[in-house]
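Here are my notes on this model, written as numbered points so you can follow along in your viewer. I start with one helix and its surroundings, then move outward to the whole chain.

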Amino acid sequence: MYRQEINEAAKELKLWIRRKRGNRKLVCSGCGKRVGEIVAIYEREARDMPCFEYSTTVVIELYRVRCPDCGVKAEKVEQLPSKSPFSKRLEDAVGLACESAAVRRVAGQWGLASSTVRGMDKRYLSRWAAGRRKPALRQMGVDEIYLGKKQKFVTVVSNLETSEPLWLGRERKKETLDEFFATQLSPYQRQGIEAACVDMWKPFRLSVEQCAPQCRIVYDKFHILQHAARAVDEVRRAEFFRKGGAARELVKGKRWLLLRRWVHLNTDKKRQLNELFALNRRLMKAYLLKESLDRLWNYTYEGSMLRYLESWVDQLRWQRLKPMDKLARMLLDHLEGILNYCRTKVPLGVVEAVNGNIKALLRRGRGYQDLSYLLLKAQRIAATKTEFVAFRKAA
């Protein structure tokens with residue numbers, strides 16, 4: 001350091017630095033090779049970590065070098081990995097702060113604009129992602145997230161073994177998943193996929209069958225149970241309009257109570273359901289069928305799972321429950337994907353866990369326009385096992 005300026009009023013510190021004599025290890029910023037010919041000398045300003053309460057700016061003396069392959073280029077400096085006017089360690093500090101706080105809060109803490117903080121955070125995450133080893137994809141999960149009326153859906157492709165997202169794409173069409181297979185995976189990598197956990201959305205199934213024909217499709221348990229819950233709700237709605245008087249008032253307002261699992265209800269909620277079931281046996285039968293369907297994934301052998309599903313379907317005879325009959329036909333139409341769970345075990349909860357992390361990021365960031373930035377944030381959360389803590393307001 002050969003010069004310094006201190007502004008006491010503005011709390012600013014400015015330093016001028018140059019390398020020591022003999023330290024002439026020059027690297028081309030284009031190809032990364034060592035070079036020896038210096039063409040010109042120039043200065044570059046970069047904001048660095050604050051010193052005490054002073055914001056610090058460093059003026060660095062750099063060289064332009066002549067590379068035999070790239071021509072005249074600026075030298076590569078490890079502490080200045082990009083063209084932004086910030087040092088690498090400042091961007092790393094801002095990126096670490098963004099992991100536990102919103103961008104606006106970090107921007108106010110460091111005295112920067114929100115857009116500047118997002119750019120610094122994205123460069124920090126990009127360097128982290130480039131330096132980590134990417135495991136092979138053997139079990140993949142495909143699902144979609146609803147973002148709203150304007151942006152509609154985002155398709156999420158995740159690695160079930162590492163529990164982290166791999167790719168995000170607009171919409172939930174067959175072409176969307178085809179783009180992932182074409183741009184992100186080589187033919188050899190596509191052949192290594194053993195199983196794919198998807199919902200019963202036809203475009204996803206067709207894309208997997210076309211691009212990875214050797215892959216076994218396993219239908220997601222939670223989406224099937226979601227269809228079962230919708231069937232129970234349709235039965236409740238039909239019984240509400242069919243009943244009259246006191247019975248109708250008893251059915252009213254029980255929607256969310258019927259959608260919850262029995263094991264998660266307290267004593268008072270169970271008593272309310274028992275009162276409802278005593279007056280309406282159709283609702284009781286639909287609820288019991290929905291609860292018993294969860295046992296389907298407890299079986300290890302394919303024949304046992306098939307026998308249990310057949311016995312579950314037999315219970316619908318003479319019950320006059322059209323929504324449950326429709327659910328049973330849907331399960332039989334997708335029987336192969338359900339039985340594949342016995343042939344290839346996949347962690348079914350990983351897809352929902354990844355979606356939960358992405359939704360938490362969307363709520364905290366109030367939406368993301370850049371899907372690549374959102375993907376890097378979600379990968380960082382999965383790799384570091386970060387958990388979001390929600391605080392409730394005091395009554």
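1. Let's begin with what packs over helix 1. Strand 5 (38-51), helix 2 (103-110), helix 3 (114-130), helix 15 (349-365) and helix 16 (371-384) are among the elements that cover its buried residues. Helix 1 itself spans residues 88-100, and its buried positions are Leu90, Glu91, Asp92, Val94, Gly95, Ala97 and Cys98. Buried here stands for under 20% relative accessible area, exposed for over 50%, and partly exposed for what lies in between, with a 1.4 Å probe and protein chains only. Contact, the basis for the covering elements, requires heavy atoms within 4.5 Å. Helices (H or I, at least four residues) and strands (E, at least two) are DSSP runs, numbered from the N terminus.

2. A word on provenance. This is a predicted model, in which local features need pLDDT of at least 70 and side-chain atom pairs count only at pLDDT 80 or more, while totals for chains, interfaces and linings use all residues. Residues are numbered from 1 along each chain as its sequence is written, and side-chain values use heavy atoms, with hydrogens and water left out.

3. Staying with the helix 1 neighbourhood, have a look at aspartate 121, which is found in helix 3. Is this aspartate buried or exposed? Aspartate 121 is buried, at a relative accessible area of 1%. Beyond four places in sequence, its contacts are Gly95, Cys98, Tyr373 and Lys377. Gly95 and Cys98 also appear among the buried residues of helix 1. By contrast, the C-alpha atoms of aspartate 121 and arginine 21 lie 35 Å apart, with their positions 100 residues apart along the chain.

4. Now the overall architecture. The protein has 16 helices and 12 strands. Its radius of gyration is 29 Å, well over the 21 Å that the globule rule gives for 395 residues, so the protein is more spread out than a compact globule. That radius is taken over C-alpha atoms, and the rule is 2.2 Å times the number of residues to the power 0.38. Along the principal axes, the C-alpha atoms fill a box of roughly 90 × 55 × 35 Å.

5. How much of the chain is buried? Buried residues make up 43% of the 395. Among contacts with a separation of 6 or more, 58% join residues 24 or more positions apart.

6. On the nonpolar interior: the largest core has 97 residues, and Phe181, Leu293 and Met324 touch the most other members. A second, separate core of 7 residues includes Ala46, Val58, Leu62 and Val77. A core is a set of buried Ala, Val, Leu, Ile, Met, Phe, Trp, Tyr and Cys residues joined through side-chain atoms within 4.5 Å. Setting aside neighbours within four places in sequence, leucine 293 contacts Ile224, Leu225, Ala228, Tyr308, Trp312, Leu327 and Leu331.

7. Isoleucine 193 deserves a look too. This residue sits in the loop between helix 5 (187-191) and strand 11 (195-198), yet isoleucine 193 is buried, with 1% relative accessible area. Its contacts beyond four places in sequence are Leu137, Arg138, Met140, Phe181, Leu185, Gln214 and Cys215. Arginine 138 is 55 residues away in sequence, with a C-alpha to C-alpha distance of 4.3 Å.

8. Lysine 73 belongs to strand 7 (residues 71-74) and counts as partly exposed at 33% relative accessibility. Leaving out residues up to four places away, lysine 73 touches Cys28, Ser29, Tyr63, Arg64 and Val65. Serine 29 is 44 residues from lysine 73 along the chain, and their C-alpha atoms are separated by 6.5 Å.

9. Finally, two backbone points to check. Serine 163 is not a glycine, but has a positive phi of about 60°; its place is the loop between strand 9 (152-159) and strand 10 (164-170). Glutamate 171, also not a glycine, has a positive phi of about 65° and lies in the loop between strand 10 and helix 4 (174-184). Serine 163 is partly exposed at 29% relative accessible area, and glutamate 171 is partly exposed at 30%.
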